[in-house]
Amino acid sequence: NESSVCSGRGNCSSPSICECGTGYSGPNCEWNVCFGILSNESSVCAGKGSCSAPDICICEEFFHGSNCSIPECFNILSNSSSVCSSHGSCEAPNSCSCENLYDGEQCEFPN
């Protein structure tokens, strides 16, 4: 069955040797590749999602971005200038690291 050869994602170049199409890898082209990382590796999608198709990450809750590397703090993405009341950085989901002169869960209180 032609569709099962190399998981339908590549060509058989010689007996038991697959040449995978772009975005696929593995002995039988069974793994997607997301941003250079195989879908079966723990570091795929920044370790915060799964690689569902070539360069397509499905992110866990509170993580965003094409490779799931952007955490969210209190409904604001960590790469926004307004995250953590503009007085800190979002280090992990709902976890602000405040500048020296600010306190509070969202760095909303001056010291």
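This report walks through the strands, two turn residues and one buried glutamate of a predicted model.

## Two three-stranded sheets

Let's start with the sheet that comes earlier in the numbering. Strands β3, β4 and β5 make an open, antiparallel sheet in that order. Its edges are β3 (24-25) and β5 (37-38), each of which pairs on one side only. Strand β4, covering residues 31-34, is joined to β5 by two bridges, and the two run antiparallel. If you would like a pair to click on, Val33 has Leu38 in β5 as its bridge partner.

Another open sheet has the order β8-β9-β10, again with antiparallel pairing. Here the edge strands are β8 (63-64) and β10 (76-77), and each pairs on one side only. Two bridges link β8 with β9 in an antiparallel arrangement, and Phe63 finds its bridge partner in β9 at Pro71. As a reminder, strands of a sheet pair through backbone hydrogen bonds, either parallel or antiparallel.

## A glutamate without a salt bridge

Strand β9 (residues 70-73) also holds Glu72, a residue well worth a look. Is Glu72 buried or exposed? Glu72 is buried, yet it has no salt bridge. The nearest side chain of opposite charge belongs to Lys48, 14 Å away. A salt bridge needs a side-chain nitrogen of Lys or Arg within 4 Å of a carboxyl oxygen, so Lys48, at 14 Å, does not provide one.

What does Glu72 touch instead? Setting aside neighbours within four places in sequence, Glu72 is in contact with Phe62, His64, Leu77, Cys90, Ala92, Pro93 and Asn94.

## The β11-β12 hairpin

Among those contacts, Asn94 brings us to a hairpin. Strands β11 (residues 88-92) and β12 (residues 95-98) pair antiparallel over four bridges, and Gly88 has Cys98 in β12 as its bridge partner. Two residues lie between β11 and β12, and Asn94 is in the turn.

## Two residues with positive phi

Most residues other than glycine have a negative phi. Which phi does Asn94 have? Its value is near 55 degrees, which is positive in a residue other than glycine. Asn94 sits in the loop between β11 and β12 and counts as partly exposed because its relative accessibility is 33%.

Ser85 also has a phi near 55 degrees, a positive value in a residue other than glycine. You will find Ser85 in the loop between β10 and β11. With a relative accessibility of 30%, Ser85 counts as partly exposed.

How values were computed
Residues numbered from 1 in each chain as written. Predicted model: local features only at pLDDT ≥ 70, side-chain atom pairs only at ≥ 80, totals over all residues. Heavy atoms only, no water. Buried < 20%, exposed > 50% of the residue type's maximum accessible area, 1.4 Å probe, protein only. Lys, Arg positive; Asp, Glu negative; His and termini not counted. Contact = heavy atoms within 4.5 Å. Pairing = 2+ DSSP bridges.
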